[in-house]
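These are my notes from going through the model, entry by entry, with the sequence open beside it.

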Amino acid sequence: MRFIRQFLVIMGIVLSALFIAGCSGSETGGKEKAVSLTMTYWGGPLEKESVEALIKTFNEQHDDIQVKAQQVNEGYIEKLTSQAASNKLPDFGYFPEGSIPAWLENGRIKDVSELYESGEIGNKLPYSIFQFEEDGPIAGSSVANETNNIYYNKKFFDEQGVDYPPTKADDAWTWEEFIEVARKFTVDRKGNHPGEPGFDAKNIETYGVSNFTYFYENFLILNEGGIISEDGKTILLGSKNTIDALQAIQDLMYVENVMPKPSQLSTLPSTDTALLTGRVAMNIDGQWAMQELGKAKKEKSLDLGIGVLPKMKRAVTLTTGTPIVVFNTDNTKAHWEETKTFLTFIMDPKNSLPLIQGGLWMPNEESWYTDEELIKKWTDTEIHPEEYKEAVIDWGLNHVVQNPNYYWSDRSKASTIINPGLDQIWNNQKTAKDVILNDILPKLKKEFGDKYEYAEYEE
């Protein structure tokens, strides 16, 4: 009997404790009651560390919302497509720009126009917003603004007695000046440069430049060409300016011999290692390369320098930057307020400042490019070279052209025609003019008919 009484007393205490704990969790929004959300992203080890640290900060500040990270580095869009088919999509995350229109149209990506109309999302750079028709739905905006630049090892330039790449658009190298510098740095295993007797193009020790084909579209625009006009109405591939720019890129590999061919890229190390070891003198890359290159600078293994791209007919950088989109899952529909809370958090530069200071992202709001105090907050670091403000900030604010990924709804479909054709140029199978006029354009016209106008080739 005594045992029973003791047991009942103990049970009463336990139940009372559980009741108090339950009331406490409900009232304070304890984590056992938190709404669970999932964000997907891609990237290397440093990006993983940065993104998950940002998510951890959010979780620590919000007991009622807990975000889990899902990293996918291989077959990203295929993975999401499979998850969509089985109704297991994450709630938000990075999304490949060219695939947005189809997903937005079929309702898998949520229209977040209300956040931009209300100002809840902040005053984003206008060219960073993904909107494919006037007054149409908005899929989101770049989580980070990005520019394209020349990256190089200053020590390498100093040893060769060559002036650094210009940091101002007005001073950008002409195409001819750029090629001349690239020739000086390109050397075969016997020490010969392109154009010199005995130069062996099959055994090059150091290349003057690398990575042009990845950023080819920027160079079409440098020559006042492009894939499509800025109003989205005219396919520009057939214009002489576009074809000349494509031919110039091909010539860097097969005529000038200053850039590795696709077949040789596998023998080169990663960007930072290539610059460190002298395998490449200059590398064309997006600003996100600062995360890896800046780390090398901080560790004193790379005297990092940055310059603006060479000009053809003009000096500009093409916008890049991946958006974070919201997927139309049952979870985001049921917990839209919590979803908004995280989205507005991660899209605010002051919250993502560690990723910006670390070189992975750039701010996506204009004030961070014009307010000197804000500029200092993200560039006064051990990884940003002294010329960064001119070469990247001024460049990205005042000499920028919007990427068609932000406004061209047929980008993904057209790319299935354009990219295989371009491979013929990069592999030197045909001239740029032959590929564009006799292969790519006929297929585009067959696919799209009179939906677009087509620029004519004029000598």
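**Helix α12.** I began with the buried residues of α12, which are M290, Q291, L293, G294 and A296. This is a predicted model, and I read everything below as a description of that prediction. Looking for what covers these buried residues, I found α2 (45-61), β6, α11 (271-277), β11 and α18 (388-398) among the elements that do so. I then checked the direction of the helix and noted that α12 (residues 290-298) lies across β6 (148-153) and β11, running at about 140 degrees to β11. Just after α12, I came upon K300 with a positive phi of about 70 degrees.

**The sheet.** I next asked myself in what order the five strands of the open sheet are arranged. I traced the order as β7-β8-β10-β6-β11, and the pairing is mixed. The edges are held by β7 (187-188) and β11 (304-307), each of which has a single partner strand, so one side of each is left without a neighbour in the sheet. At the β7 edge I followed the pairing with β8 (residues 204-210), which is antiparallel and runs over two bridges; in β8, I204 is the bridge partner of D188.

**Helix α9.** I compared the length of α9 (residues 240-254) with expectation: at 1.5 Å a residue its 15 residues should span 21 Å, and the end C-alpha atoms are 20 Å apart, which agrees. I listed its buried residues as T242, I243, A245, L246, A248, I249, Q250, L252 and M253. In reading such a list I kept in mind that an α-helix has 3.6 residues a turn, so residues three or four places apart point the same way. The buried residues of α9 pack against α7 (175-185), α8 (216-222), α10 (262-265), α19 (411-426) and α20 (432-448).

**α9 against α20.** From these partners I picked α20 for a closer look, and found that its axis and that of α9 come within 8 Å and cross at roughly 135 degrees. That makes α9 oblique to α20, since the angle lies outside the ranges for roughly parallel, perpendicular or antiparallel axes, the last of which begins over 145 degrees. On the α9 side I noted I243, L246 and Q247, which meet A432, K433, I436 and L437 of α20.

**Two asparagines with positive phi.** Most residues other than glycine have a negative phi, so I looked up the exceptions with some care. N211, which is not a glycine, has a positive phi of about 85 degrees, and it lies in the loop between β8 and α8. N257 likewise is not a glycine and has a positive phi, of about 60 degrees; I located N257 in the loop between α9 and α10. Is each of them buried or partly exposed? N211 counts as partly exposed at 25% relative accessibility, whereas N257, at 12%, counts as buried, the cut-off for buried being under 20%.

**Cores.** Last, I turned to the largest nonpolar core, which has 71 residues, and noted that M39, V67, I109, I346, W361 and W378 touch the most other members. Helix α14 (residues 336-346) supplies the largest share of this core, with five residues. Apart from it I found another core, of 63 residues, which includes L252, M253, L309 and Y452. Going back to V67 and leaving aside its neighbours within four places in sequence, I recorded contacts with L37, M39, I55, F58, N59, F92 and F342.

Technical notes
Residues numbered from 1 in each chain as written. Predicted model: local features only at pLDDT ≥ 70, side-chain atom pairs only at ≥ 80, totals over all residues. Heavy atoms only, no water. Core = buried A, V, L, I, M, F, W, Y, C linked by side-chain atoms within 4.5 Å. Buried < 20%, exposed > 50% of the residue type's maximum accessible area, 1.4 Å probe, protein only. Helix = DSSP H or I, 4+ residues; strand = E, 2+ residues; numbered from the N terminus. Contact = heavy atoms within 4.5 Å. Expected span 1.5 Å × (residues − 1). Pairing = 2+ DSSP bridges. Axes fitted to C-alpha atoms, helices over the stretch in contact; angles between N-to-C directions. Parallel < 35°, antiparallel > 145°, perpendicular 65-115°, else oblique.
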